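Morning, everyone. I have one model to walk through today. Let me put it on the screen.

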Amino acid sequence: MVDLYNVGTYNADTGFKAGYLNELEGMLEKVLPHAMLMAKPNLESNIRTLKRDLTIVYDMLSGKDNSGFGWNEHRQKVLAEDVVWHSYISSHKDVSQFGHCSFPYYDQLTSICTKDQATGKYAQTTADIVE
């Protein structure tokens, strides 16, 4: 995905243009000729999972009111004290795997996939809107 993004042909404001999966399939076929990875459902499903996991890690590291999390560049993994993990996991069940698993390519994926990520920076309450 990073190589495809760097080529620039399929880049769009919110990720990639239509047809990028077929191009990605072709690129992978050159590198892994007998893998038989198809754009749909193989690549589409894997990319959906990858983006979901990226969102989870990104929210832990950049989300509002999520102090206590850090990133270990060498181990490619989220770091936090046990108390912070247990507190966060109690309200976010889908993050427990990232307490012990690495998430390689985080930096590259954030550069191509998080431009449209909601951060809550401009969020308003109903009272704010009425004013």
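Start with burial. The protein chain has 131 residues, and 25% of them count as buried. Keep in mind that this is a predicted model.

Next, the layout. There are 6 helices and 4 strands in the protein chain. Along the sequence the order is α-β-β-α-α-β-β-α-α-α. Now contacts. Take those in the protein chain with a separation of 6 or more: 45% of them join residues 24 or more positions apart.

On to the pocket. How big is the volume of the largest pocket? About 310 Å³. Three elements give two or more residues to its lining: α1 (2–7), α2 (20–31) and α3 (39–62). Here is the lining itself. From the start of the chain come Met 1, Val 2, Asp 3 and Leu 4. Then we have Leu 24, Met 27, Leu 28 and Val 31. Leu 43, Asn 46, Ile 47 and Leu 50 complete the list. By class, that lining splits into 10 nonpolar residues, 1 polar and 1 charged.

Stay with α2 for a moment. This helix has 12 residues. From first C-alpha to last, α2 reaches 17 Å, close to the 16 Å expected at 1.5 Å a residue. Which residues of α2 are buried? Tyr 20, Leu 21 and Leu 24 are. They sit on the same side of α2, because they cover an arc of only 95° around the axis. The background is familiar: an α-helix has 3.6 residues a turn, so residues three or four places apart point the same way. Now turn to the other side of α2. Asn 22 and Lys 30 are exposed there. And note that Leu 24 appears twice in this story: it is buried in α2, and it also lines the largest pocket.

Now α3, and one charged residue. Asp 53 is found in this helix. Is Asp 53 buried or exposed? Its relative accessible area is 13%, so Asp 53 falls under the 20% cut-off and is buried. What does Asp 53 touch, leaving out residues up to four places away in sequence? Gln 97, Phe 98 and Phe 103.

Phe 98 leads us to the next residue, Trp 85, since Phe 98 is also among the contacts of Trp 85. Trp 85 lies in helix α4, residues 82–91. Trp 85 counts as buried, at 7% relative accessibility. Again leave out residues up to four places away in sequence. Trp 85 then touches Met 60, Phe 69, Val 78, Leu 79 and Ala 80, and also Val 95, Phe 98 and Gly 99. One distance to add. Trp 85 and Ser 96 are 11 residues apart along the chain, and their C-alpha atoms are separated by 8.1 Å.

Last topic: backbone angles. Most residues other than glycine have a negative phi. Two residues here deserve a look. Gln 76 has a positive phi, near 55°. Gln 76 lies in the loop between β3 (70–72) and β4 (77–79). It is buried, with a relative accessible area of 17%. The second is Tyr 105. Its phi is positive too, about 70°, although Tyr 105 is not a glycine. Where does Tyr 105 lie? In the loop between α4 and α5 (106–113). Tyr 105 is exposed, with a relative accessible area of 55%. So we have a positive phi in a buried loop residue, Gln 76, and in an exposed one, Tyr 105.

That's the tour. Questions, please.

Conventions: Residues numbered from 1 in each chain as written. Predicted model: local features only at pLDDT ≥ 70, side-chain atom pairs only at ≥ 80, totals over all residues. Heavy atoms only, no water. 1 Å grid on protein atoms, 1.4 Å probe; cavity = no way out; pocket = protein on both sides within 12 Å on 5 of 7 lines; lining within 4 Å. Points joined across faces, edges and corners; volume = space filled by probe spheres on them. Nonpolar A, V, L, I, M, F, W, Y, C, P; charged D, E, K, R; others polar. Expected span 1.5 Å × (residues − 1). Buried < 20%, exposed > 50% of the residue type's maximum accessible area, 1.4 Å probe, protein only. Arc of directions from axis to C-beta. Contact = heavy atoms within 4.5 Å.
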